[in-house]
Amino acid sequence: MSELEEHYILRVPEDVADQLHEMITERKIPTDGVSFNLQKTEHGVREGVFRCGAERFRCTLLDLPHNVETFITIDNVNLYKSADIGQMVLVHPHGAKSDAMAVKRGTYQALDGITPPMKRAYYRYRKTESGVSARSVAIAESELAAILKGDNEIIEELEGDRVAEAEKALEEHNLAEAKAAADRAAARAAEAERKRRRRVALAAAPRPLSPKKPSTPLAASSSSSSS
């Protein structure tokens, strides 16, 4: 069975890109090889070293503002989507004073996409949150890899993890629903208490006396009738 494909974007300086293109075209890989090694920092696995033959470069793992779709073809006519890429390994040239891409200050979030029309895409577009936990995605990926390998033992183990994850999500959902119901009941009780206090206050307040109508002067009426 075929393994799952792993796709990533590697952006290198132009001179290194020419070397890599020549290696791929002539199918000649140097004895030192081409690789990159990312090390764990306080922000996660973000910084590392890219090696191309005897040369070494600093590299950084950046988050792209949007996922990039990759496609494969077997006849140069039909394309088949194969992966979604959300990160890129950026190789910095020697002596570079600043990053080759605009990055949000204090983070590893790239502001630009990989093409000119996607400049400042981070501010113009927003990623849609799926609402699926990272653990659920990891379980699904491991389960798919086990299915491709035909490993029934791993599949059963992953199914148990999936059930446990679903039960945990259901429990969290029930707790959230119970809390929301309690908040609604407390709000209704507070509103009822406020109305009760208002009724008590209105009942205890003194009622204003109704004004008396002025009496008609009899003297004025008698003089007008005699005349």
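This report describes the fold, the strand pairing and some side-chain contacts of a predicted model.

**Overall make-up**

The protein chain contains 5 helices and 5 strands. Read from the N terminus, its elements follow the order β-α-β-β-β-β-α-α-α-α. The chain has 227 residues, of which 19% count as buried.

**The sheet**

The 5 strands make up an open sheet with mixed pairing, and their order across it is β1-β5-β4-β3-β2. Strands β1 and β2 are at the edges; each has a single partner strand, so one side of each has no neighbour in the sheet. From one strand to the next, the twist averages 40°. In general, the strands of a sheet pair through backbone hydrogen bonds, in either a parallel or an antiparallel way.

Strand β5 covers residues 80–91, and two of its pairings can be followed in detail. With β1 (residues 9–11), β5 runs parallel, and 3 bridges join the two strands. Within this pairing, I9 has M88 of β5 as its bridge partner. With β4 (residues 55–72), β5 pairs in the antiparallel sense over 10 bridges. Here V68 is opposite I85 of β5, and C59 is opposite V91 of β5.

**Salt bridges**

There are 10 salt bridges in the structure. Side chains of opposite charge can pair when their charged atoms come close. Three of the salt bridges are set out in the table.

| Partners | Closest N to O distance |
|---|---|
| E69 and K81 | 3.3 Å |
| K81 and D84 | 3.1 Å |
| E193 and R196 | 2.7 Å |

The salt bridge between E69 and K81 links distant parts of the chain: E69 belongs to strand β4 and K81 to strand β5, 12 residues apart. E69 has a relative accessible area of 45% and is therefore partly exposed. K81 is also partly exposed, at 46%, and D84 is partly exposed with a relative accessible area of 45%.

The salt bridge between E193 and R196 is in helix α4 (residues 152–204), where the two residues are 3 residues apart and so separated by about one helical turn. E193 is partly exposed at a relative accessible area of 29%, and R196 is partly exposed at 39% relative accessibility. Returning to the other two salt bridges, E69, K81 and D84 are joined into one network by salt bridges that share partners.

**Aromatic pairs**

Searching the whole structure gives 3 aromatic pairs. One of them is formed by Y8 and F36, which are edge-to-face, with 5.5 Å centre to centre and 75° between the planes. This pair connects distant parts of the chain, since Y8 is in the segment before β1 and F36 is in strand β2 (residues 34–41), 28 residues apart. Y8 counts as exposed because its relative accessibility is 52%, whereas F36 is partly exposed with a relative accessible area of 28%.

The rings of Y122 and Y123 have centres 5.3 Å apart and planes at 80°, so this pair is edge-to-face. Y122 has a relative accessible area of 17% and is therefore buried.

**A nonpolar patch on the surface**

I72, I74 and Y80 form a nonpolar patch on the surface, and their accessible area together is about 340 Å². Of these residues, Y80 is part of strand β5. Y80 counts as partly exposed because its relative accessibility is 44%.

**Positive phi angles**

Two residues other than glycine have a positive phi in the lines of backbone described here: N76, with phi near 60°, and R120, with phi of about 55°. N76 is placed in the loop between β4 and β5. With a relative accessible area of 73%, N76 is exposed. R120 is placed in the loop between β5 and α2 (121–124). With a relative accessible area of 34%, R120 is partly exposed.

Definitions and conventions:
Residues numbered from 1 in each chain as written. Predicted model: local features only at pLDDT ≥ 70, side-chain atom pairs only at ≥ 80, totals over all residues. Heavy atoms only, no water. Patch = residues over 30% accessible without salt bridge, like charges linked within 9 Å, V, L, I, M, F, W, Y side chains within 5 Å. Areas by Shrake-Rupley, 256 points an atom, 1.4 Å probe, with all protein chains shown as cover. Salt bridge = Lys/Arg side-chain N within 4 Å of Asp/Glu carboxyl O. Helix = DSSP H or I, 4+ residues; strand = E, 2+ residues; numbered from the N terminus. Buried < 20%, exposed > 50% of the residue type's maximum accessible area, 1.4 Å probe, protein only. Pairing = 2+ DSSP bridges. Phe/Tyr/Trp six-rings, centres within 6.5 Å; stacked < 30°, edge-to-face > 60°. Axes fitted to C-alpha atoms, helices over the stretch in contact; angles between N-to-C directions.
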